[in-house]
Amino acid sequence: MENTVIFADNISYSYPVEEGKSPVLALDGVTIKINRGEFVAVLGHNGSGKSTFAKHLNAILLPSGGTVYIDNMDTRDESLLLAIRSRCGMVFQNPDNQIVATVVEEDVAFAPENMGVPPEEIRRRVDRCLDIVGMSQYKKHAPHLLSGGQKQRVAIAGVLAMEPSILVMDEPTAMLDPSGRREVMSTILELNKQRDMTVVLITHHMDEAAMAQRVIVMHEGEVALEGTPREVFSQVERIRGLSLLPPQTVDILFRLNKRGYSLPLDGMTVEECADTLEEFLKGRGSEASSGQSPSAQERPQKNQRFCGENILKVDNISHIYSAGTPFEKRAIDGVGLTVGKGEFVGLIGHTGSGKSTLVQHFNGLLSPTSGHVYVDGVDINSSPQEARKARFKVGLVFQYPEYQLFEETIYRDIAFGPKNMGLDEDEIDRRVKRAASQVGLEESLLEASPFDLSGGQKRRAALAGVFAMEPELLVLDEPMAGLDPVGREEIISCIESYRRETGSSVLFVTHSMEDAARISDRLIVLSGGKVLTEGAPEEVFSRSGELLENGLDIPMVTRLFIELNRRGIALPPSVYTTEQAVEEIIKLREGGHA
Amino acid sequence: MLKNITLGQFFPGDSIIHRLDPRTKILAVIMFVVALFMSSSFWGYLICFAFLAWCFRTAHIPFKMILRSLKPLVIILIFTGLLNMLYTPGDTLVRFWIFNITKQGVKNAGFMMCRIILLISSTSMLTYTTSPIALTDGIERLLSPLKKVRVPVHEFAMMMTIALRFIPTLIEETDKIMSAQKARGADFESGSLIQRAKALVPLLVPLFVSAFRRADELATAMECRLYHGGEGRTRLNTLKMTGLDSGALVFTVALCALVIKAGWIAGLLI
């Protein structure tokens, strides 16, 4: 077939294992055909074999059974290796680890240099590729000073410079914030639509997959589902069974159907779903419900105000990096906030909003240039002793905490914090075991090396290391970054079980509005080093326009309701969960008929 | 934040010196240094100082940068000066306790200190006006004849480029791991030397693990971009010697000859 550019014919693969262990098939009889110019998304939870499949497409891995043909070239033919790799460009998850040179344009030139392209032609390609990804004005910049989204676009340009006809992307947005994701996704779409590039996108973001022409869901090394996004996502229960989550818009329609309505599951995008719902809600009296306060009764425990004591009080702090040098940068600027005892607060902000700098003030790792931080009523910067006490009262979990594991066994790693607190052996033992059970690590795993765990387990072991210190305030910086939907749920339940068992307060930093809204009592939105807005989730989301202006994402459900409002359907625009949305829609529909 | 460190000491600019081919600059510095050590008259050093001062002015490098680059060397400067002054035999100038300061000693000390200062500032001149990449490129090209005797010149240059690329990334990472371990109560600042060395384990293990992971991923990414060693590789920015470079080289040769023979010429004139 002339039109098929990728043909994986019944391929199997197992990673080499240590002697004595039985090999596990990472791919088990996978057959996939991809046509020229197609945009295919490959979904699957961690360990489903999707990355292994991607690595077969340019002969980084060779199938142990079956054959992969790229443009009719067998990937096992070594003489075709360079031809295959230049035809099929590959972009990986971590942009930092793909950039070779110290100047952007030199990096983009790397592949054509390796191909032996003449200098004038390299110059032409570099300029063209940087222009495609919109990074021309940065060509003389040092890559380490760029944002994540920019770095990833440079990495894409570096691959485009080979002039490939296929682009394979292995979770290119997993480590990016919402605005970085948007940048990269629009680049991918443009390449596919305007330049007829065949795109294979490995992802676990459903909204990204919904933009593709075809979706392939992998599970346990096999192709579990295949079809257009509409076909695949309408099988809501099957998708859940494969440890994935359908897009929220489809989920709303699905839940409505479960409540006895019959709606087509057409809701790949907000607009599409709005069309379907508009149709559904037609005919009801439009003034029936003005929809003021959304289902406050639904979650009464969440909306109660905390009048009790504060565990943390931040009083008008500012932090300036490298003060007095040309690099001077005001990272946070007059921030004031409080966290009540037992409260669960979500802190939201995009990259560069100062949130990571801010949280390091809570336990005295950084001291403010001006202003005060009080933990349990004590100014932690008043003396070194107080600062050290604050370290143990406020437990801080950094981004990608699994990168800080270092001990020989998980037990010893979890015990590191308690040991530094000077606790006795019995107490340490009690705490380690309790923390391990809070994060769902079995005791049999405690003697294993942290480096033998899976990605999700490592993350949980690292959380346990902070839980074991039993801080009164747990601060987590992007605890779910880079995990698949199942991994994300696991982390949330770990945090909730810690909170339930110890009654501690939690402050949770994220750029995912959906997660923040779902589990927090109160949201604080940070932008440009200042508090932009704060309040209960519905209060914050009722100011969605403001959030969007500041480069933040709002939940898909909220976007849907805003769209419906725009079309003259009176639904409260501050709804943020699918459950609430379904209730509101039913209320409106039934209210209209009554 | 450690992120803002400048790599090497490069001062971007567009002066004549910046525009010279890195090979020219490397060769010129080597000749200059040789001339420094062969010269044995104050006139020679005077010419050198004058020339370097002109270079710094032309390249718009602030004067305090030279002082900063000399700062770590103050102790060595004083030490060499004293040693030369005290242990050179010759005509006694001053004598106290067991020391004997000679005329030759003072002269030698002066020479040595001039040499060190000039050595450091001339090599700094090279790094101030040449980007790390250009420098690596220049070294690679200059050493390329060694490829014939199987010295892996390209591989060394590649390693250097990658090292330069990853230094800021790893510094940032060190910073992050350090904060994270501090948040778990690690103490890097107090205790005895042994305790402090032990305290580094929670920092170094994750740092090495991460460096290996990065190396692995980078290697794969490089393979995906068709890297297969230096063979048949072309460059985006090829180095080109221009008339300016030939001029600069001829000028440096003449200058060096002048420096070496300065004493003799001065003798003729005066």
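This is a tour of a predicted model with chains A and B, to be followed with the structure open in a viewer.

Residues are numbered from 1 along each chain as its sequence is written, while chains are lettered from A and ligands numbered from 1 in the order in which they are written. In this predicted model, local features need pLDDT of at least 70 and side-chain atom pairs count only at pLDDT 80 or more, whereas totals for chains, interfaces and linings use all residues.

**Stop 1: the domains of chain A**

Colour chain A by its domain assignment, which gives domain 1 (4–241), domain 2 (248–298 + 556–593) and domain 3 (305–357 + 367–520). Such bounds come from an automatic or database domain assignment. Between the C-alpha centres of domain 1 and domain 3 of chain A the distance is 34 Å. Where these two domains touch, 11 residues of domain 1 of chain A are in contact with 12 residues of domain 3 of chain A. Contact here means that the C-beta atoms of two residues, placed from the backbone, lie within 7 Å. On the domain 1 side of chain A, the residues touching domain 3 are 3 nonpolar, 7 polar and 1 charged. For these classes, Ala, Val, Leu, Ile, Met, Phe, Trp, Tyr, Cys and Pro count as nonpolar, Asp, Glu, Lys and Arg as charged, and the others, Gly among them, as polar.

**Stop 2: sheets in domain 1 of chain A**

Switch to a cartoon view. Helices (H or I, at least four residues) and strands (E, at least two) are DSSP runs, numbered from the N terminus. Two strands pair if DSSP finds at least two bridges between them.

Select the open sheet of 4 strands in chain A with the order 2-1-4-5 and antiparallel pairing. Its edge strands are strand 2 (25–35) and strand 5 (73–74) of chain A, each paired on one side only. Strand 4 (residues 65–70) and strand 5 of chain A run antiparallel and are joined by 2 bridges. One pair to label is Tyr69(A) and its bridge partner Asp74(A) in strand 5 of chain A.

Next, select strand 3 (residues 39–43) and strand 9 (residues 214–219) of chain A, which run parallel and share 4 bridges. Ala41(A) stands opposite Val215(A) in strand 9 of chain A. Add strand 10 (residues 222–227) of chain A, which pairs with strand 9 of chain A in the antiparallel sense over 5 bridges. Here Ile216(A) is opposite Glu226(A) in strand 10 of chain A. Strands 9 and 10 of chain A form a hairpin with 2 residues between them, and Glu220(A) in the turn has a positive phi of about 50 degrees.

**Stop 3: a sheet in chain A with the order 12-11-14-15**

This open sheet has 4 strands with antiparallel pairing. Strand 12 (329–340) and strand 15 (378–379) of chain A are at the edges with a single partner strand each, so one side of each is left without a neighbour in the sheet. Strand 14 (residues 370–375) of chain A is joined to strand 15 of chain A by 2 bridges, and the two run antiparallel. Val375(A) stands opposite Val378(A) in strand 15 of chain A.

**Stop 4: where chain A touches chain B**

Show both chains: 57 residues of chain A are in contact with 44 residues of chain B. Among the elements giving two or more residues to the chain A side are helix 5 (119–132), helix 6 (148–160) and helix 18 (455–467) of chain A. Helix 4 of chain A gives the largest share of that side, 5 residues. By class, this side has 33 nonpolar, 17 polar and 7 charged residues.

**Stop 5: chain B**

The domain assignment of chain B gives domain 1 (17–130 + 240–269) and domain 2 (152–224). Their C-alpha centres lie 38 Å apart.

Select helix 3 (residues 42–58) and helix 12 (residues 262–269) of chain B, whose axes come within 7 Å and cross at roughly 110 degrees. Axes are lines fitted to C-alpha atoms, for helices over the stretch in contact, and angles run from 0 to 180 degrees between N-to-C directions. Helix 3 and helix 12 of chain B are therefore roughly perpendicular to each other. Angles under 35 degrees count as roughly parallel, over 145 as roughly antiparallel, 65 to 115 as roughly perpendicular and the rest as oblique. Trp43(B), Gly44(B) and Ile47(B) in helix 3 of chain B meet Ala262(B), Gly263(B) and Ala266(B) in helix 12 of chain B.

Finally, select helix 5 (residues 74–87) and helix 6 (residues 103–129) of chain B, with axes that come within 7 Å and cross at roughly 155 degrees. That makes helix 5 of chain B roughly antiparallel to helix 6 of chain B.
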